[in-house]
Structure formats: C-alpha cells, structure tokens
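Biologist: Please take one residue of this model and look at it closely for me. After that, I'd like to know how its surroundings fit into the rest of the assembly.

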Amino acid sequence: MSNLIEKQRSILDFTLSSLMRRKAKNISLFLVYSLVVFVLGSAMFFTQAMKREASLILKEAPEMVIQRLLCGRYEPVPLDYLERIKNIRGVISADYRLWGYYYDPAAGSNYTLMVPRNNPPARGKIVIGNGIARNRMLYREDILSFRGYNGINHNFEVDDILSSESELVSADLMLISEEDFRDFFGLSPAAATDIVATVRNQKELITIANKISELLPDTRPVIRDEMIRTYDSVFDWRGGILIVLISMAMLSFVIFAWEKASGLSAEERREIGILKAIGWETSDVIAVKTYEGAIISFFSFCTGLLLAYGHVFFTSAFLFAPALKGWSVIYPDFRITPYIDPYQVVVLFLLTVVPYTAATVVPSWRSAIIDPDSVMRL
Amino acid sequence: MDNHKMIPDSARKSNICMALFGVCLLLLGVMFIHASIQRRTGNAGTEHMAGLVKNLELTDLCLFTEARYTRNLSQADLHSAFQDHPSSLEHFPAGSVTGPPAGIRRINVKLD
C-alpha cells in the first residue's frame, strides 16, 4: 500500500516538474480557466442569491393586485369596482392603492410616488427612499418642489428618509398623503391606481382571479406567485445578456482548452516516448497526464469560485452593476445575502473540471500506446 | 525514484501541491460556512424589507428605475416595450437583462 502511495507521489512530483517546465503555457491556461469559472460562478451566485432574496422579500407582497386595462393600457380603476370585488365569495378584503411615477427633470430620474395605508405623511410632507436622498443630497426638513399635472409647482417637506437597509425595495419611493397625491396627479376621488385583495383560501386564488376577470372584463388580476415568478424569470439562469456573453466566453474557452489539452506538442510526444523507452508503463504515462489536467482544472476551479464569491458577496457584484443599472439614475445600494446552491457548484465543477481532465487523457493515451521509437523520431 | 529519499519530505513538490489542495478545500469549506452564517445574520435585513413590502403593499424590487415598466416589472403593461407587441425590441438597457414576465403572460392568456 505504502509503495503504491509512494509511486503516485513520485508520479505527482514528476507531473509538477513537467508543468513547471512549460510555465508560460500552463500559467496562461490557469488564468483563462480561472477567469471562465469566475464569470460563470459570479453569474450563478448572483442569480441564485437574487432569486432567493426576491422570493423572501416578496412573500409579503399583496396576494392579488387588480389592474384595469383601457385601450390595451394600464389605467386607473374606478372605486365602485371595490364593492363588486368584495362581494365575490372567498374575498376577505379589498382596498385600493394609490401610486404612480414622477419623472424628476432636476435629477433625470423616475420616482415612485405612493400613498401608504398606515401612517401616511401629513399634507405637504413626504417620506423619501434613501436613493432619492442620496441622489438629490436631501436631508430631513429640506423642501422639494415638483411640477404637478396642471403645471403648478408643489412644495413638499422631507419628513423622514427610509432606512438604507431597505434600499432594495425603497430606493426610489416617495411616500405622500392621499390628498397631495390626488392634487398632484389630478386623479379623481372616484378612482385609484389599482386594487389589492386578500382571499380566505390560498388554493382558491386562481379561481377568484378568474371570477374577477369574468365579473369585470376590463381588469387584469396579478397574483403574488406571479410577482415572485417575474423575478425568477428576470434572474433566470437562461435569460439575459450576461449569460449570452458567458456562453461566448465558455465556447472560446472550450476551443482554447481543447486545443491546448488535446493537441500534444512534439516535445510532449518525445517526452512520452522517452518515458516509455526507460520503462514507464502506459498507465503511468496516462496517470501523469490525468494529474496534469486535474491539477490545473482543480486549482483554477477553486480560484475562480472563491474570487466569484468575493465579487458577488463582498463587492455586491460590481462588475455586473453597469449591466443592471442600465440608464437608471437611482440605483439601490444593497448587499446581497450569500446563498450557495451546492447542486450548482457541483454542476459547475463537472462542467469545467471533468471535460478538461478527460480531454488531456485521450491524446496522451494515444501517444502512450504507440511505439516509443517512432514517437521519439517525430 | 529513489532519488526522492535524498530530498526532505517538506521540499517535495507533491507535498506542496497536496498542502495547496488542502488549503483550497479549506477555503471552499470556509466559503460555505461564511455563506451560512451570513444568511442567518442577514435575515434581519430581509425580514425588515419584507415588513416594508407588507406595510406599503409593494409588489416589486427597486432594481431598474429607468422606465416605469422596468421599475414595477410584475405590474407592467402586457406589451410594455414600445407598447407594440409581445417581446418587441426594447430600447432601455434593462431590457437586455429582463424578459417579458412569462408568468403574467401565461395567466393573462387564461384570464383575459
């Protein structure tokens, strides 16, 4: 047993010396390999963590939101719809929501104005998200002036600023009183933005959504599960430009690795020939090549994965930020809670380490089984 | 191979390689442990945001504030990009990382 271990250690020593002889080639391979794992790993960690975060945060979202469509567009809903929805069996409560968007030309950004049902701000006062405060450099008691629907400027005093920890949901929020909201947007007292409803039995949610659609054909119910699924699809592994770019990088790497791994150089062939000539067995030669592939791929995998973890969870995926921010002026400053799916790590390992290791073995086996004399003559 | 007996064990390349292998495995282990600890401590922040979502009846994350239909993805018009037809070309960069919400489209086919 100890002989076997000693033999393998000696083969490993030889493999490492062999790798060191071709330092430049192997270091470049290690760097490219680590980079590919880093990019793939970063995308994987980011999407998984964001999907988890979205599902945990939105688990408290309204059970059902009922919108009204007019001419194919999303329009304010008449408040008399409320009673009709409440009368549907299985609906516990229904209430209206008031929210809308305001484009602030001074900052060049969009805000989400909203009337909270509980503890709304007093008239003339607003509570703003930390993103707005940061962007406009606002503090409590500062005055903001916005142009209303009729061209008249409305002044609002900043009453409070929402906590920075909640930026992922509140960066661009501006909480306002109902009176101010209606005055500002010119919204009739008989209309609201949409309606939220709660039902007695969660299993009946789809049935009740169907009933609402039948009773009020110009409405569109959106249930909570769909809101969460929206973010699943946004961060889905399959979707998005990141993945397209990564696929291209992956493809380039596959070609690069295949070329490096499968095509043995004349020097490597001669080395194999000499080893065979001095008495090495074919299995030993294959073991050297397997170790070579395994060492490079394992260390590249670990380096790439650890860097990806640091990138996503310590620097909030700063490399992905430009892609996510797009033209957004207000972007939440948030720290992603780490979430690692071991299954995905294993898949990444199998997709990167195993093919490369396998690709190095086949050509060396081919060289190892031919006559050493003819290999050395090449 | 007997030559190795002349070299002290600590200087053998295989030993250094195995030590590095161990360090890598250790770091991977630390990564999983760190994630698990952070998840436990980070829950307070997530719960705080979930509380805000419940209190304000929010429906979406504030990730893409560039256009109204990217700000509240789950509440967007069915065919919001260019308002023309499903999956029509998107002119905001957010459109390159978000797709039309498939779930909404599916249920509305049934409901509308």
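Modeller: Happy to! Helices here are DSSP runs of H or I with at least four residues, strands are runs of E with at least two, and both are numbered from the N terminus. With that in hand, let's visit Asn110(A), which sits in strand E6 of chain A, residues 109–114. Before going further, some bookkeeping: residues are numbered from 1 along each chain as its sequence is written, while chains are lettered from A and ligands numbered from 1 in the order in which they are written. This is a predicted model, where local features need pLDDT of at least 70, side-chain atom pairs count only at pLDDT 80 or more, and totals for chains, interfaces and linings use all residues; side-chain values use heavy atoms, leaving out hydrogens and water.

Is Asn110(A) buried or exposed? Its relative accessible area is 15%, so Asn110(A) counts as buried (under 20% is buried, over 50% exposed, in between partly exposed, with a 1.4 Å probe and protein chains only). Setting aside neighbours within four places in sequence, Asn110(A) is in contact (heavy atoms within 4.5 Å) with Tyr102(A), Tyr103(A), Asp172(A) and Ile330(A) from chain A, and with Thr65(B), Glu66(B) and Ala67(B) from chain B. A polar atom of the Asn110(A) side chain lies 3.5 Å from the backbone oxygen of Thr65(B).

That brings us to the interface between the chains. Chain B gives 70 residues to the contact and chain A gives 89. Together they bury about 7200 Å², with 64% of it on carbon and sulfur atoms; buried area is the accessible area (1.4 Å probe) that two parts lose on being put together, summed over both. Five salt bridges cross this interface, each a side-chain nitrogen of Lys or Arg within 4 Å of a carboxyl oxygen of Asp or Glu. One of them joins Glu47(B) to Lys59(A), at 3.3 Å from N to O. The chains also share 19 residue pairs in polar contact, both residues at pLDDT 80 or more. A polar contact is a pair of N or O atoms within 3.5 Å; within protein, one must be able to donate a hydrogen and the other to accept it, and residues adjacent in sequence count only if both atoms are side-chain atoms.

On the side of chain B that touches chain A, helices H1 (13–56), H2 (68–71) and H3 (102–111) of chain B each give two or more residues. H1(B) supplies the largest share, 29 residues. By class, this side of chain B has 34 nonpolar, 21 polar and 15 charged residues; Ala, Val, Leu, Ile, Met, Phe, Trp, Tyr, Cys and Pro count as nonpolar, Asp, Glu, Lys and Arg as charged, and the others, Gly among them, as polar.

Now for chain A itself. An automatic or database domain assignment divides chain A into domain 1 (2–58 + 235–377) and domain 2 (63–223). Their C-alpha centres are 49 Å apart. Nine residues of domain 1 and 15 of domain 2 take part in the contact between them. The two domains bury about 800 Å², 76% of it from carbon and sulfur atoms. There are zero salt bridges across this domain interface, and two residue pairs are in polar contact there. The domain 1 side has seven nonpolar, no polar and two charged residues.
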